[in-house]
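Please examine the sequence and the structure shown below. The paragraphs that follow trace pairs of charged side chains.

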Amino acid sequence: MLKLKPVDLKKEIITALIIPVCEDQDIHDDGILSLLVKKALELKEFKGGKDEDITFYNPPEVKSERVIFLGLGKLEKIEPELLRQMAGRAVKKCTTKNLSEILIAVPAAKKIKLEMQTVLEAMLEGGFLGNHTFDKYKKDKKHKPLKKIDFMVKPEVAKKFGKLSSRVATVCKGTILAREWVNTPSNHKRPDQFTRSIVTYAKKEELKVTVLAEKDLRQKKFGAILAVGAGSSSKPRMIVLEYSPKKAKKTVAFVGKGVTFDSGGINLKSTAALKAMKSDMSGAAIVAATLITVAKQKPALKVIGVIPVVENMPSGNAYRPGDIIKSYDGKTVEIGNTDAEGRLILIDAMSYIVKKYKPETLIDVATLTGACAVALGDKIAGVFSFDDKLAEAIVASGKKTHERCWQLPLPDDYKELLKSDLADIHNVSSSSWGGAITAALFLSEFVGNTRWAHIDIAGPAYNDKESAYCGAGGTGFGVRLLCDLLEKP
Ligand code: BES
Ligand code: ZN
Ligand code: ZN
């Protein structure tokens, strides 16, 4: 569906040609493209400014029914994310017109002072991701996805980067799978159903799949997962996905928070806070989709995904504030608030993974705290680690993929705030400040000496409004990030 393609504009018949336009410089190295851009810029209503566009129908210079010019703004402001958004906008514009194929002109990398690989990756990603809509529940499917998205490049570029489009497509399919899971309503992804869906996708790949059902969780004493899941009629599960190639020397483990609906439990959330709580399994979706992607990419690394899945509901069987529970690793936890459930299911999964697999690196991904979204907004995730190198690597992958992350501290003295008079630890802080930090510190008590990082995606996991290459709803934030991270030595 995605293709880098050398095109002779004089000969080729094109349905829709998209030309990105810079406000203050010609960024193309094809005579016809430059000529068309010059003509467009002569019009009063188009200056090439960011988000401007104009369409020519059947211009004499090319055999294209329509040529759509998309403004990028000033040269100094052109960065990979702008190209990603431009490609997403291009695709969306054409799907709303019910077209089925487009050709997007790729700017000359030198003229925009970027590496060709960076330019191509960004444009391919924006195009692929922008072509997805979640319309499973609509009778009237308004916009069909494009069947063909071609990118016009020089023949030598098409040859050199021949494998890039399928690599990008593989990763973006992971992002889209995660988006679909997050967008699925909670009544259709209760723990048993969500588990089945993950297992179905995982089994299509070379992954070892293990599911611990309620009975197994009881037998192995996963006290925290069982406590959180107790209020729901759909019982908890824990899924383990393993990708283990023979030549692997190192093991990376991911844990993803899988709360299929977070009502808050007995500490019931407010109406406003309940609204997006079907997305509280985003960490699980990210980890499962990453493992499925990894199995297609086949790196020489062992990768494990552990996904605890529960529904946090109030009922006569639900766990209560004041309860004391025993976690998998033996520590007792006093429940201060049943809405701080994510950290509980994570500690059981993390201590299990540390004990059973002894991974070199452990990373958990979770929509853990509203406090993190308050601190960093809804576009940036919080990263916590005692290992600054690991945190920096995550932040760097975030920069590259534009799944942005910001490191927050893990101050030792804040651990005081988690003290309990009756149990080994409290699941909430005694202070109402710094909730993202105290949640991360709570997790840190259960990873032993393992090199560990926690990524709080409460902000960026879910979009209220659609953006250039993502519809409203689940964003799949984290799949591209983790896949990029795994490519690093
Ligand atoms: N799932 C929520 C966190 C969340 C909030 C995710 C907003 C996405 C958007 C989590 O389980 C939660 O409820 N956390 C509480 C913790 C508190 C009780 C200490 C919170 O953030 O308020
Ligand atoms: Zn909660
Ligand atoms: Zn939650």
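**Salt bridges in the predicted model**

In this predicted model, a salt bridge joins the side chains of Glu242 and Lys208, with 3.8 Å from N to O. Glu242 belongs to strand β8 (residues 237–243) and Lys208 to strand β7 (residues 208–212), so this pair ties together parts that lie 34 residues apart in sequence. Is Glu242 buried or exposed? Its relative accessible area is 7%, and because buried means under 20%, Glu242 counts as buried.

Why can such pairs arise at all? Side chains of opposite charge can pair when their charged atoms come close.

A second salt bridge connects the side chains of Glu61 and Lys39, at 2.9 Å from N to O. This pair also links distant parts of the chain, 22 residues apart: Glu61 sits in the loop between β3 (53–57) and β4 (64–73), and Lys39 sits in helix α1 (residues 31–41). Lys39 has a relative accessible area of 32% and is partly exposed.

The side chains of Asp51 and Lys50 form a further salt bridge, with 3.7 Å from N to O. Asp51 is partly exposed, at a relative accessible area of 48%. Lys50 is likewise partly exposed, at 47% relative accessibility.

How many salt bridges does a search of the whole structure find? The search finds 34, and the pairs described above are among them. Salt bridges may also share partners: in this way Glu81, Arg84, Glu125, Glu403 and Arg480 are joined into one network.

How values were computed
Residues are numbered from 1 along each chain as its sequence is written. Chains are lettered from A and ligands numbered from 1 in the order in which they are written. This is a predicted model: local features need pLDDT of at least 70, side-chain atom pairs count only at pLDDT 80 or more; totals for chains, interfaces and linings use all residues. Side-chain values use heavy atoms; hydrogens and water are left out. A salt bridge is a side-chain nitrogen of Lys or Arg within 4 Å of a carboxyl oxygen of Asp or Glu. Helices (H or I, at least four residues) and strands (E, at least two) are DSSP runs, numbered from the N terminus. Buried means under 20% relative accessible area, exposed over 50%, partly exposed in between (1.4 Å probe, protein chains only).
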